[in-house]
Amino acid sequence: MLNRRKFIKASAFTSVAGLVSQQLLTNEPEEAVLNNPVVISTWDAGLEANKAAWEVLSTGGRALDAVEKGVMVTEASINCCVGLGGNPDREGRVTLDASIMDENYNCGSVAFLERIKHPISVARRVMEKTPHVMLVGDGAQQFAVAEGFPLESGELSPDAKKAYENWLKKSEYKPVINIENKGHGPFAPQQLENGDWNHDTIGMVAMDAKGNLSGSCTTSGMGFKMRGRLGDSPIIGAGLFVDNEVGACTATGQGEDVIRVAGSHSVVEAMRSGLSPEAACKKIIERIVRIKKEQAKDIQVAFIAINKKGVVGAYALHKGFSYAVRTTKGEQLIKPKHYFK
Ligand code: SD4
């Protein structure tokens with residue numbers, strides 16, 4: 001019972017687990033109405049994360065469990081900048097932000113959290129076990145430890161250490177467009193040559209077999225940020241928003257510019273007004289362009305979204321962004337449309 005206006009070509013999908021190749025990288029179909037369940041997530045690493053989410057979704061599990069399990073893969077990956085392997089702040093310490101939201105407007109987040117491997121799971125505990133939505137810093141860490149999360153060493157990963165030492169030479173905060181897909185930044189050229197690309201954020205939204213939506217977002221934030229800086233990822237409505245009546249959205253890129261337009265919430269509201277997920281993402285990207293004017297050329301922001309029919313879509317400011325889709329048809333890495341040509 002396919003319910004779609006425009007088919008995604010079957011050839012664009014693959015069922016070969018673990019295969020990440022150029023063949024998978026396709027342009028976004030204008031509109032893809034997919035059967036549920038479906039999961040989408042940001043950047044190339046989304047393919048691996050989606051596999052774990054799919055294990056939950058394909059066996060009738062809840063979208064909330066899928067989006068937690070999915071991004072945990074990325075948080076745990078040693079080749080990845082999302083969790084404790086990420087770039088530190090300018091004082092040399094890795095501080096993590098994460099948020100999660102279910103189909104009943106329940107949400108939880110942690111921010112400025114240190115030495116905990118799975119901030120997304122702590123965010124879920126905040127949601128499920130406290131009367132609060134958000135815990136930050138020492139309080140978030142205390143809560144995590146009380147909940148049984150091990151306190152990790154706080155050592156930088158070898159790549160992050162190298163990147164930090166290089167950064168210290170100039171001590172200049174200058175985010176690089178699409179750095180999320182390029183490892184520890186311009187500081188790890190050998191990684192780029194090897195194609196061993198990483199990123200510092202993963203956002204994921206999913207619809208389960210019952211048609212319920214949930215989302216998650218987890219990050220080490222912008223590398224070499226000021227100490228105490230939070231991005232959009234832990235802020236409900238900015239880095240993530242889920243409205244089970246309408247759709248769900250998550251963001252990646254320059255968090256400050258996602259926050260100022262309440263990005264993910266704005267995308268969901270645009271879908272509520274009748275726009276497709278792609279058109280809704282585009283509308284809010286264009287709003288950022290209007291606000292930032294010339295400066296929009298120097299930042300990357302991207303949104304991915306899903307609506308209540310299972311239609312997925314995305315839009316980015318600049319090229320270079322990718323997102324991963326997983327459905328009953330297989331997996332796909334998509335390059336969505338972008339504002340600057
Ligand atoms: C932040 N939005 O901390 C995050 C960074 C990001 O891919 O998405 N990088 O601002």
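The largest nonpolar core of this predicted model has 47 residues. A nonpolar core is a set of buried Ala, Val, Leu, Ile, Met, Phe, Trp, Tyr and Cys residues joined through side-chain atoms within 4.5 Å. Buried means under 20% relative accessible area, exposed over 50%, and partly exposed in between (1.4 Å probe, protein chains only). V267, F303, I306 and Y323 have the most contacts inside this core. Another core, of 30 residues, lies apart from it. Its members include V71, V82, V110 and M204. In soluble globular proteins, nonpolar side chains tend to be buried together.

The model is predicted: local features need pLDDT of at least 70, side-chain atom pairs count only at pLDDT 80 or more, and totals for chains, interfaces and linings use all residues. Numbering runs from 1 along each chain as its sequence is written, and side-chain values use heavy atoms, leaving out hydrogens and water.

The protein has nine helices and 14 strands. Both are DSSP runs numbered from the N terminus: helices are H or I with at least four residues, strands E with at least two. Of the 341 residues, 59% count as buried. Contact means heavy atoms within 4.5 Å. Among contacts between residues at least 6 apart in sequence, 66% join residues at least 24 apart.

Helix 8 (residues 263-272) is largely enclosed by the rest of the structure, because seven of its 10 residues are buried. These are G263, S264, S266, V267, V268, A270 and M271. V267 also belongs to the largest core. The cover over the buried residues of helix 8 includes strand 9 (240-243), strand 10, helix 7 (255-259), helix 9 (277-292) and strand 11 (301-307). G274 follows helix 8, with a positive phi near 115°.

Two residues can be set side by side.

| Residue | Location | Relative accessibility |
|---|---|---|
| T252 | strand 10 (residues 247-253) | 2%, buried |
| V133 | loop between helix 3 (119-129) and strand 6 (134-136) | 38%, partly exposed |

The T252 side chain makes a polar contact with the side chain of W43, at 2.9 Å. A polar contact is a pair of N or O atoms within 3.5 Å; within protein, one must be able to donate a hydrogen and the other to accept it, and residues adjacent in sequence count only if both atoms are side-chain atoms.

V133, M134 and V136 make a nonpolar surface patch of about 220 Å². Such patches join nonpolar side chains (Val, Leu, Ile, Met, Phe, Trp, Tyr) within 5 Å, from residues with over 30% relative accessible area and no salt bridge.

Methods
Patches are made of residues with over 30% relative accessible area and no salt bridge: like charges are joined within 9 Å, nonpolar side chains (Val, Leu, Ile, Met, Phe, Trp, Tyr) within 5 Å. Accessible areas come from the Shrake-Rupley method with a 1.4 Å probe; for residues, only the protein chains shown count as cover. A salt bridge is a side-chain nitrogen of Lys or Arg within 4 Å of a carboxyl oxygen of Asp or Glu.
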